[in-house]
Amino acid sequence: MLFAVLKSPRLKTLGRLSSPVAANLVAQSLLGLVSTAAAGRLGDAALAGIGVANALFSILLALLFGLDAGVQTVVARRLGAGETAAAGVALRWGLLLCGALGVALAGTAILIGPEAVALAIRDPVAARAGGEFLKGFTPILPLLGLNMTFSAYWYGARKAGRAMAITLLQLPLHAALVWGLALGAGPLPALGAYGAGLGASLAAAAALAMHIVLAYRVAPVDGLTGRREVAGAGGELAAYLRIGLPISLQQSLLYVCLALSFAVIARIGTGAAAAVNGMNALAVVASLAAGGVGTAAASLIGAAVGRGEAGD
């Protein structure tokens, strides 16, 4: 029976689709690993403070995950039904919604972020480093929202290789900017924790520019530009909320648990919090690789529903 499962055409299709998705998610996790490695060069206090800041930041970022899943689902259904223009309109709605929510979440992070870090970790040096990191890192929220929306479209359209290519181009730029601005290199000043956050934000802005060029110029998405509308497009917002809100809340609560864990470990000592930050950055690589299979399966499910073949 196992041999029959391994020879299944469905499994082959899933493997073909999930490989670039998993590779893209792993590459994205490497972005965080690079930032953690740079923070480690700034000392235990900086590494601990940035770890706590990242955990708190992720609570807000996770609220965008559900919208990302909603975009992928709607796009896959539209394309499964042969409605290519409607899929482009769905992407347009997703960009507007995720961009607006990202700006609102960034404002929230600016208002309460540094104070929340100071409450979570007692070491004043670590708390100051975490607050400085957030100042440079907070602008990434709307950028990540838009980048994830573009990636969700490519996943739903079964063109995950395009998202993977952009992340692979972003990775060396991210490393250069984060290390250069955090530690100083050539003409770049050493800005410490603030520089690590700023470098990540600048690299995300470059990735967004690549997504825009790809979607508007290199491989134009039908229905994305102009004032074009399609039948049923007005229901996309409701679909995103219906699909995405439970996912966003679930993911955000998971990161609340992570933040609470960091807060408890920070009471043990700065070195313990720094060590957990490093281990968490490594552990997430494996989890995201496995998540690639689920993401690919979601696209196949959405397309089957769009074709009216729920049994498939």
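In this predicted model, Arg307, Glu309 and Asp312 are linked with one another in a network of salt bridges. A search of the whole structure finds 4 salt bridges, among them a pairing of Lys135 with Glu132. The briefing also covers the packing of helix 2 against helix 8 and the surroundings of Leu146 in helix 7.

**The network around Arg307**

- The side chains of Arg307 and Asp312 meet in a salt bridge with an N to O distance of 2.8 Å, and Arg307 also takes part in a salt bridge with Glu309, for which the N to O distance is 3.2 Å.
- Arg307 is partly exposed, its relative accessible area being 35%.
- Of the acidic partners, Glu309 is partly exposed at a relative accessible area of 39%, and Asp312 is likewise partly exposed, with a value of 42%.
- As general background, side chains of opposite charge can pair when their charged atoms come close.

**The salt bridge in helix 6**

- Lys135 and Glu132 meet through their side chains in a salt bridge, with 3.1 Å from N to O.
- Both residues belong to helix 6, which spans residues 124–137, and because they are 3 residues apart there, about one helical turn separates Lys135 from Glu132.
- Lys135 counts as exposed because its relative accessible area of 52% lies over the 50% cut-off, whereas Glu132, at 29% relative accessibility, is partly exposed.

**Packing of helix 2 with helix 8**

- Helix 2, made up of residues 9–40, packs with helix 8, made up of residues 160–183, at an angle of about 5 degrees, and their axes are 9 Å apart.
- Helix 2 is therefore roughly parallel to helix 8, since angles under 35 degrees are placed in that class.
- Sorted by residue class, the contact of helix 2 with helix 8 comprises 18 nonpolar and 7 polar residues, with no charged residues.

**Surroundings of Leu146**

- Leu146 is located in helix 7, which covers residues 140–156.
- When its neighbours within four places in sequence are left aside, Leu146 is in contact with Leu95, Gly99 and Leu208.
- Leu146 and Ala207 are 61 residues apart in sequence, while the distance between them in space, taken from C-alpha to C-alpha, is 9.9 Å.

Terms used: Residues numbered from 1 in each chain as written. Predicted model: local features only at pLDDT ≥ 70, side-chain atom pairs only at ≥ 80, totals over all residues. Heavy atoms only, no water. Axes fitted to C-alpha atoms, helices over the stretch in contact; angles between N-to-C directions. Helix = DSSP H or I, 4+ residues; strand = E, 2+ residues; numbered from the N terminus. Parallel < 35°, antiparallel > 145°, perpendicular 65-115°, else oblique. Nonpolar A, V, L, I, M, F, W, Y, C, P; charged D, E, K, R; others polar. Buried < 20%, exposed > 50% of the residue type's maximum accessible area, 1.4 Å probe, protein only. Contact = heavy atoms within 4.5 Å.
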